[in-house]
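Reader: I'm new to this and would love a close look at one part of this structure. Could you pick the stretch that follows the helical part and walk me through what its side chains are up to?

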Amino acid sequence: MGRLIKLLIFLVIIGFIGLVGYAYVGEFFGANFSPPQTETRLPVTLDAE
């Protein structure tokens, strides 16, 4: 049972390293992680007397 837990922890660590690595070098593979930048304007009505 202890070997299974060690294997799961090892896989989680390797998966995390892979995810962080892909976030850094993903642009070279065509992945774009930046959000679309659009300006949004909404009218606001304040009910102050």
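Author: Let's start with a term: a salt bridge is a side-chain nitrogen of Lys or Arg within 4 Å of a carboxyl oxygen of Asp or Glu. Keep in mind that what you're looking at is a predicted model. Search the whole structure and you find one salt bridge. Which residues make it? Glu39 pairs with Arg41, and their closest N and O atoms sit 2.7 Å apart. That falls within the 4 Å cut-off. Side chains of opposite charge can pair when their charged atoms come close. As for the setting, Glu39 and Arg41 are both exposed.

Now a step back for the bigger picture. The protein has one helix and zero strands. Its C-alpha atoms fill a box of roughly 70 × 35 × 10 Å along the principal axes. Of its 49 residues, just 4% are buried. The protein exposes about 5,400 Å², with carbon and sulfur atoms supplying 67% of that area.

Back to the stretch you asked about, and to a ring this time. The structure holds one aromatic pair. The partners are Tyr22 and Phe33, arranged edge-to-face, with 5.7 Å from centre to centre and 80° between the planes. Why does this pair tie separate parts together? Tyr22 lies in helix 1, which covers residues 2-25, while Phe33 belongs to the segment after helix 1, so the contact links parts that are 11 residues apart in sequence. Are these two rings tucked away or out in the open? Tyr22 is partly exposed, because its relative accessible area is 40%, and that value lies between the 20% and 50% cut-offs. Phe33 is partly exposed too, with a relative accessible area of 48%.

Next, have a look at Asn32, which is also found in the segment after helix 1. Its relative accessibility is 62%, so Asn32 counts as exposed, the cut-off for that being over 50%. What does its side chain touch? A polar contact of 2.9 Å joins the side chains of Asn32 and Ser34. You can also compare Asn32 with Val20: they are 12 residues apart in sequence, and their C-alpha atoms are 14 Å apart in space.

So, to retrace the route on your screen: find Phe33 and its edge-to-face partner Tyr22, then Asn32 with its polar contact to Ser34, and finish at the salt bridge between Glu39 and Arg41.

Definitions and conventions
Residues numbered from 1 in each chain as written. Heavy atoms only, no water. Helix = DSSP H or I, 4+ residues; strand = E, 2+ residues; numbered from the N terminus. Buried < 20%, exposed > 50% of the residue type's maximum accessible area, 1.4 Å probe, protein only. Areas by Shrake-Rupley, 256 points an atom, 1.4 Å probe, with all protein chains shown as cover. Phe/Tyr/Trp six-rings, centres within 6.5 Å; stacked < 30°, edge-to-face > 60°. Polar contact = N/O pair within 3.5 Å; in protein donor to acceptor, adjacent residues only side chain to side chain.
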